[in-house]
Amino acid sequence: MTTGAIIVAAGSSQRMGGIDKLLAPLGGRPVIAHSIAVFAAHSHLEALAIVVSPANEAAIRALADDLSPGARVVLGGARRRDSVANGLDALSQCNYVLVHDGARPLVTADIINAALEGAIQSGASLCAVPVSDTVKRAADDGLVASTVNRERLWLAQTPQAFRTEVLRRAHAAHDIDATDDAALVELIEEPVRLVMGSSENLKITTPADLVLAEAILASRSA
């Protein structure tokens, strides 16, 4: 079994106030460097593809050369799913593939292991955490329409892991946009296993998320 990972790092950082969140400093190095280092060091991964935008290609390629010399750095597409497809093309030899958002720098080897084990069991899996807050559904006028039963609601994270042929088939079957690859696999009615993620596996979306990520890194060091 050959396993690879795709780190998706081709986003536009629209909510970061003009800062490229993937290159923003976190714990003394760029955000994206944390994900690259964790995946590069994982003992079960034989290949790594990092999908980048033209704007950050040179900077991320330099990081990859330092942290994971064998990694493939490829350009992303117009949509997230197009970027993942480009990463898949770079990992054509892999039987299993993990897809991870480069903006989730606090991923751990244990989370990667859980996702991969879920994919081996079911063909596809995603890390997620149960919803803990009360969820309200809004009406068009801004008033509360109802309270949603949160008992079976989960917040999706990455990494998500797949038998490669399942993910390729899902991408080929539908051309709709999707915020994650598990949604495409669901559309071809293949099972997707939920595995426990972590509240620390946060996604850097706003400057406030960087502050929280710094605090988590500091607590891990302590």
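## Exercises on a predicted model

The largest nonpolar core holds 29 residues, and those touching the most other members are Ile32, Ile36, Phe39, Leu48, Ile50 and Leu98. The model is predicted, so keep that in mind as you work through the exercises below.

**Exercise 1. Find which elements give two or more residues to the largest nonpolar core, and which of them gives the most.**

Step 1. Look for the strands: β1 (3–9), β4 (47–52) and β6 (96–101) are among the elements that give two or more residues to this core.

Step 2. Add the helices, which are α1 (31–41), α2 (57–67) and α4 (109–122).

Step 3. Pick out the main contributor: α4 gives the most, with 5 residues.

Step 4. Now look beyond this core. A second, separate core has 22 residues, including Val8, Ala49, Phe162 and Val185.

**Exercise 2. List what Leu48 touches, leaving out residues up to four places away in sequence.**

Step 1. Start with Ala5 and Ile7, which are among the residues Leu48 touches.

Step 2. Move on to Ile36 and Phe39, also in contact with Leu48. Like Leu48, Ile36 and Phe39 are among the core residues that touch the most other members.

Step 3. Complete the list with Ser68, Ala71, Arg72 and Leu91.

**Exercise 3. Decide whether α1 is largely enclosed or not, and name its buried residues.**

Step 1. Take the cut-off: a residue is buried when its relative accessible area is under 20%.

Step 2. Name the residues of α1 that pass: Val31, Ile32, Ala33, His34, Ser35, Ile36, Ala37 and Phe39.

Step 3. Draw the conclusion. Since 8 of the 11 residues in α1 are buried, the rest of the structure largely encloses this helix.

**Exercise 4. Place Ala173: which helix holds it, and is it buried, partly exposed or exposed?**

Step 1. Locate Ala173 in helix α5, which covers residues 164–173.

Step 2. Read its relative accessible area, 43%, which makes Ala173 partly exposed.

Step 3. For a sense of distance, take Val97, 76 residues from Ala173 along the chain: their C-alpha atoms are separated by 18 Å.

**Exercise 5. Describe the protein chain as a whole: what are its secondary structure and its radius of gyration?**

Step 1. Count the elements, which come to 7 helices and 11 strands.

Step 2. Compare sizes. The radius of gyration is 17 Å, close to the 17 Å from the globule rule for 222 residues, so the chain is as compact as a globular protein of that length.

Step 3. Check burial: 46% of the 222 residues are buried.

Step 4. Finish with charge. There are 19 positive and 25 negative side chains, and the centres of these two sets lie 2 Å apart.

Definitions and conventions:
Residues are numbered from 1 along each chain as its sequence is written. This is a predicted model: local features need pLDDT of at least 70, side-chain atom pairs count only at pLDDT 80 or more; totals for chains, interfaces and linings use all residues. Side-chain values use heavy atoms; hydrogens and water are left out. Helices (H or I, at least four residues) and strands (E, at least two) are DSSP runs, numbered from the N terminus. The radius of gyration is taken over C-alpha atoms; the globule rule is 2.2 Å times the number of residues to the power 0.38. Buried means under 20% relative accessible area, exposed over 50%, partly exposed in between (1.4 Å probe, protein chains only). Lys and Arg count as positive and Asp and Glu as negative; His and the chain ends are not counted. The place of a charge is taken as NZ of Lys, CZ of Arg, CG of Asp or CD of Glu. A nonpolar core is a set of buried Ala, Val, Leu, Ile, Met, Phe, Trp, Tyr and Cys residues joined through side-chain atoms within 4.5 Å. Contact means heavy atoms within 4.5 Å.
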